[in-house]
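Visitor: I'm new to reading protein models. Could you walk me through this one?

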Amino acid sequence: MQSQACDGREDGVTDAAVGEGRPGSARPRSVVPAVQLPPTVAAEHQAAVAALRESYAALPPGAPVRLAKRTSNLFRFRDPLPRSPGRRAPREAAGSPAGAAGLDISAFTRVLHVDPAAQAAVVGGMTTYENLADATLRHGLMPLVVPQLKTITLGGAVSGLGIESTSLRNGLPHESVTAMEILTGDGRVVTAAPDGEHAGLFRGFPNSYGTLGYAVSLTIELEPVAPFVHLRHFRFASPEACMDAIGEIAAAGSLNGHRADFVDGTAFGLDEIYLTVGAYSDVAPWRGDYTGQHVYYQSVRGPREDFLTIRDYLWRWDTDWFWCSRPFGVQNPVIRRLWPRRYRRSDVYRALVAFDRRHGLSDTLTANRGRPPREAVIQDVEIPLDRCAEFLRFFAAEVGMSPVWLCPLALRSDQPWPLYPLKPGQAYVNFGFWGTVPLPPGCGDGHYNRKVEAEVAALGGSKGLYSTSFYSADDFWATYNGPGYARLKSAYDGDGRLAGLYEKCVRGR
Ligand SMILES: Cc1cc2nc3c(=O)[nH]c(=O)nc-3n(C[C@H](O)[C@H](O)[C@H](O)COP(=O)(O)OP(=O)(O)OC[C@H]3O[C@@H](n4cnc5c(N)ncnc54)[C@H](O)[C@@H]3O)c2cc1C
C-alpha cells in the first residue's frame with residue numbers, strides 16, 4: 001500500500017500551478033470578483049443556451065420533460081429513455097418520468113472557464129465533478145466541496161444537496177455558488193444570484209431536484225489545495241466518544257493537534273468507529289494507493305496514518321463505491337486482479353445495480369433460494385450533533401447494517417436554505433448507509449425506511465431525497481417547506497411543466 005517516498009507535486013498539481021493563498025482558504029464571499037468568460041467561449045455558450053431554450057419551447061405542450069443525461073447517482077430508478085434514431089440510449093435517465101422527452105444538454109457538460117486569480121470557475125450545469133476537479137487541480141485549486149462519486153454533476157449536487165469531508169469547514173456545494181443560469185420550467189433562462197430579481201430562486205434551488213428548472217451554468221468559488229493530504233484515522237469505542245471528538249473539531253478545527261481540512265468517518269460497529277482527519281500537506285513521506293489491489297475503507301482500520309495525492313484523496317471512495325462494490329466480488333483479491341482497473345468506478349457498479357433492478361435478478365435469486373425478500377435501505381440523513389449517538393444506537397438496533405459513513409457538516413451561510421431544514425450555526429453529522437436488509441416475516445417494502453424516516457424526524461434531523469421516500473404528503477411538506485416551494489413553483493413553473501417535488505421524490509414520477 002505504501003509506495004515510494006515523494007516530495008514532488010503530482011496529479012496535475014504543479015509548483016507553478018498551485019493557487020495563491022494557504023491551502024483550504026477560500027476567499028471571503030464578499031470579495032469574490034465577477035468572472036468574465038473569454039469572448040469565444042461566451043459566444044458559444046450563448047448560442048447553446050439559445051438552442052436549448054428553443055428545443056424546450058418546441059416540446060409538445062403538456063409533454064413531461066427529462067434530461068438526456070448519460071449518468072445518474074439517483075437511487076430512484078426509472079425506465080431508460082426511449083431510443084431515437086441516430087442517438088445512443090443513455091445509460092440511465094436522470095430522475096424524470098418514463099417516456100418523457102429527453103432534453104439534449106450535451107453543450108453543458110464542460111468547464112467553461114477557470115479564473116485562477118479570482119479563485120472561481122464558470123461551469124456547465126451537467127459537468128461531472130471528475131472533469132471539474134481535473135480542470136481546477138491544474139491550477140492548484142478545487143471546488144470547496146467535491147462529492148465523492150466521479151459522475152455526480154455540479155447541477156445535481158446543487159439541486160440535490162451533495163456533501164463531502166470539507167463540509168464541516170465549507171458547508172454544502174450550493175453554498176459556494178455565486179450565480180446560476182437556470183432554464184426555468186416555464187421556458188425562460190434567468191440568472192439567479194444571492195441578490196436581485198431571482199434571489200428567491202437562487203436560495204430555493206437547493207433540494208429542488210430539477211423541479212423548478214435546470215442549472216445550465218454555475219459560477220463557483222474555488223480554494224487553493226496542496227499536492228497531498230495527510231490522513232490520520234482516530235478510533236473510538238462508543239458513538240458518544242466519537243461525537244465529542246466531532247464537537248472538538250467543529251470548535252477547534254483540529255483533533256489532537258492534527259488540522260482538520262477534511263473530516264469524515266466510518267462506523268463498523270458501535271464500539272469500532274473511525275474518524276479520518278485530513279490535513280493539506282506539501283510533502284508525503286509515502287503515498288497510499290487504493291486504485292489497485294487495496295481497498296480504501298479497509299485501510300481506515302489499518303495503520304493510523306496515511307498520505308494520498310489530492311486527486312486520489314478526492315476519489316478515494318469512488319473506486320469501490322464506498323464499500324458497495326463488495327457484492328460484485330471486486331474486493332476478493334483474485335476477482336479484483338481480473339476486474340479491469342477502468343471498471344473499478346462507482347458509475348460502473350451503479351449501472352450494474354440498475355440492470356439488476358430492471359430485470360429483478362437478485363430478487364428472483366433470493367426467492368429461488370427460499371430466503372426472505374430484502375429491502376433496499378439506501379439513504380443519507382443529517383442529524384444534529386447532540387442527537388447523533390442516539391441515532392447510531394437506533395440504527396444498530398433496528399436496521400443493523402454496517403459500515404455506516406459519517407460526514408460532519410455545518411452550513412457556511414448564516415441564513416437557512418428554504419427547501420432543506422438545516423439550521424445555521426448548528427453542527428450535524430450526515431450518516432450514509434447503502435445496502436439491503438432481510439425483511440421480517442409479514443413486513444413489506446418500506447418497513448425499515450419508514451422507521452428511519454420516523455427516527456430522523458424525532459431527532460430533529462432531515463433526510464436527503466435522492467433515494468426512496470415514504471412520507472405522507474402532509475409530513476413531506478411540513479419538513480420541506482410546502483408553502484415556500486409552492487410560491488417558487490408558481491413563479492417559475494406555473495403550468496407544472498416539470499414534475500412537482502413530492503411527485504418526483506416520493507411518488508417516483
Ligand atoms: C450510494 C450513494 C452514495 C452517495 N454518496 C454521496 C456522497 O457521498 N456525497 C454526495 O454529495 N452525494 C452522494 N450521493 C447522492 C448524490 O449526490 C445525489 O444523488 C445527486 O443528486 C446526484 O447528482 P447527479 O449529478 O448524479 O444527478 P442525477 O442523478 O442525474 O440527478 C439528480 C437529480 O438532480 C436533478 N438535476 C440534475 N442535474 C441538474 C441540473 N443541472 N439542474 C437542476 N437539477 C438537476 C435531476 O433532475 C434529478 O432529480 C450518493 C448517492 C448514492 C446512491
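Visitor: Which of the residues around the ligand come nearest to it?

Guide: Keep in mind that this is a predicted model. The shell around the ligand has 34 residues. The ones that come nearest are Lys 69, Ser 72, Gln 148, Thr 153 and Ile 163.

Visitor: How many Å is an oxygen atom of the ligand from an N or O atom in the side chain of Gln 148?

Guide: Gln 148 is among the residues that come nearest to the ligand. A polar contact needs a pair of N or O atoms within 3.5 Å. Here the ligand's partner is an oxygen atom, and its distance from the Gln 148 side-chain atom is 2.3 Å.

Visitor: And which residue uses a polar backbone atom to sit 2.9 Å from a nitrogen atom of the ligand?

Guide: Let's separate side chain from backbone. Ser 159 brings a polar side-chain atom to 3.0 Å from a ligand nitrogen, so to speak of the backbone we look elsewhere. The residue with the polar backbone atom at 2.9 Å is Ala 215.

Visitor: How much of the ligand's accessible area does the protein cover?

Guide: On its own, the ligand has 950 Å² of accessible area. Helix 3 (154-159) and strand 8 (213-224) each give at least two residues to the shell around it. The covered share of that area is 99%.

Visitor: Zooming out, what share of the protein's residues count as buried?

Guide: The protein has 16 helices and 18 strands, and its residues number 509. To count as buried, a residue must have under 20% relative accessible area. The share that does is 58%.

Visitor: Which residues of helix 12 are buried?

Guide: Helix 12 runs over residues 388-398. Its buried residues are covered by elements including helix 6 (239-252), strand 13 (272-281) and helix 13 (447-458). The buried ones are Cys 388, Ala 389, Phe 391, Leu 392, Phe 394 and Phe 395.

Visitor: Is Glu 390, in the salt bridge with Arg 387, buried, partly exposed or exposed?

Guide: The side chains of Glu 390 and Arg 387 meet at 2.7 Å, N to O. Arg 387 has 28% relative accessibility, so it counts as partly exposed. Glu 390 has 37%, so it counts as partly exposed.

Visitor: Helix 12 also holds Glu 398, so which residue does Glu 398 meet in a salt bridge, and why does that pair link distant parts of the chain?

Guide: Side chains of opposite charge can pair when their charged atoms come close. In this pair the N to O distance is 2.6 Å. Glu 398 is in helix 12 and its partner is in helix 13, 53 residues apart. That partner is Lys 451.

Visitor: How far apart in the chain are Arg 110 and Glu 44?

Guide: These two form a salt bridge, with their closest N and O atoms 3.1 Å apart. Arg 110 is in the loop between strand 2 (101-103) and strand 3 (111-115), while Glu 44 is in helix 1 (residues 39-58). Along the chain, their separation is 66 residues.

Visitor: Last one: is Leu 338 buried or exposed?

Guide: Leu 338 is in helix 9 (residues 333-338). Together with Val 334 and Ile 335, Leu 338 forms a nonpolar patch on the surface, with about 300 Å² of accessible area. The cut-off for exposed is over 50%; Leu 338 has a relative accessible area of 68%, so it is exposed.

How values were computed
Residues are numbered from 1 along each chain as its sequence is written. This is a predicted model: local features need pLDDT of at least 70, side-chain atom pairs count only at pLDDT 80 or more; totals for chains, interfaces and linings use all residues. Side-chain values use heavy atoms; hydrogens and water are left out. Buried means under 20% relative accessible area, exposed over 50%, partly exposed in between (1.4 Å probe, protein chains only). Helices (H or I, at least four residues) and strands (E, at least two) are DSSP runs, numbered from the N terminus. Contact means heavy atoms within 4.5 Å. Patches are made of residues with over 30% relative accessible area and no salt bridge: like charges are joined within 9 Å, nonpolar side chains (Val, Leu, Ile, Met, Phe, Trp, Tyr) within 5 Å. Accessible areas come from the Shrake-Rupley method with a 1.4 Å probe; for residues, only the protein chains shown count as cover. A salt bridge is a side-chain nitrogen of Lys or Arg within 4 Å of a carboxyl oxygen of Asp or Glu. A residue is near a molecule or strand if one of its heavy atoms lies within 4 Å of it. A polar contact is a pair of N or O atoms within 3.5 Å; within protein, one must be able to donate a hydrogen and the other to accept it, and residues adjacent in sequence count only if both atoms are side-chain atoms.
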